[in-house]
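I am opening a page for the metal sites and one helix pair of this entry. The sequence and structure go in here before my notes.

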Amino acid sequence: MLNIDLHCHSTISDGLLTPTKLVEHAAKRGVKTIALTDHDDVAGLDEAREVAESENITFINGVEISVTWRGRVIHILGLGIDPKYPPLAEGLAGIREGRAGRARKMAAQLDKCGIHGSLEGAYKHVGERRLIGRLHFARFLVEQGHAKNIKSVFKKYLVKGKPGYTDHRWAALCDAVDWIRGSGGIAAIAHPARYQLGKNVLDDLLHEFRQLGGAAIEVITASHTEDQVLVFAQHAQRMGFLASCGSDYHGPGESFFDLGQLPDLPAGCTPIWHDWDVAYE
Ligand code: AMP
Ligand code: MN
Ligand code: MN
Ligand code: MN
């Protein structure tokens, strides 16, 4: 079992634990190196780093950037970033503004199908930074009894073709990679199996990402099956990508993998941390 976790969320985006509570939880779970990767926001990094240092955990600055590529939503992780790098900070601020507008549209659509007050309801689940996403709507809808749990509420209301889903233009892939690399970080494609891309489209994405300067893909993540882990380990080796691993933890009761319980990377992968000075055992 690896004790390195390079993908998780706090209340700065759509996680349930504050950065402090998240890192304290990681410490209890025996995590030795952690990256906080909130969606489109870096505001939790200083707090998380401080707690990590006091717990003797190596801390990596991270972010998960929402991208639109060929009409699809793709998530790009930035690891080892400088959160103060102006193009990154400004780019993320732009995405957050877009989230607020999208949330109003989602609420208007839900209104039309008889679910009222979802904007205010979702915002009740949002942290101080006011970053809003589908998971905040999901928590409101479950609370109101529109579905029995988060998974089914997504299926029923929050995915493409359902009333609460609205198409949205996120950052361009080239911009996200530039912001990450410009700030000194490594860009990694998050949970690559989740996009359900056909062979040719996946190949296009991997090639374009590599050409833009992307250097890694997530191989271990909660949403990958054991087979998908092996498939993406092979893609990483074939394409010369570093392999990353993270739980994509969002909080107690909402995540398939807890912090600190990730399987090992398959043999033959070059871990993204191969030349970092970090602890993981
Ligand atoms: P957003 O970036 O606001 O569109 O929301 C995406 C987030 O919603 C993801 O990071 C997950 O936290 C959550 N999410 C998306 N799909 C699902 C699903 N099927 N079940 C549970 N959570 C999901
Ligand atoms: Mn999320
Ligand atoms: Mn994601
Ligand atoms: Mn995530």
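Which spacing do the donors of the manganese ion (ligand 3) follow along the chain? I found E-x10-H-x115-H for the donors of the manganese ion (ligand 3), where donors are N, O and S atoms within 2.8 Å of the metal (3.2 Å for Na, K and Ca), and sites may look incomplete because water is not among the atoms.

I note that this is a predicted model, in which local features need pLDDT of at least 70 and side-chain atom pairs count only at pLDDT 80 or more, while totals for chains, interfaces and linings use all residues. Residues are numbered from 1 along each chain as its sequence is written, chains are lettered from A and ligands numbered from 1 in the order in which they are written, and side-chain values use heavy atoms, with hydrogens and water left out.

For ligand 3, I list Glu64 (OE), His75 (ND1) and His191 (NE2) as coordinating the manganese ion at 2.1 to 2.2 Å. His75 and His191 are both buried, meaning under 20% relative accessible area, with exposed over 50% and partly exposed in between (1.4 Å probe, protein chains only).

I then looked up the manganese ion (ligand 4), which His7 (NE2), His9 (NE2), Glu64 (OE) and Asp248 (OD) coordinate at 2.1 to 2.2 Å. In sequence these donor residues are spaced H-x1-H-x54-E-x183-D, and His9 and Asp248 are both buried.

Lastly, I checked the distances to the manganese ion (ligand 2): ligand 3 is 5.7 Å from this ion, and ligand 4 is separated from the ion by 4.6 Å.
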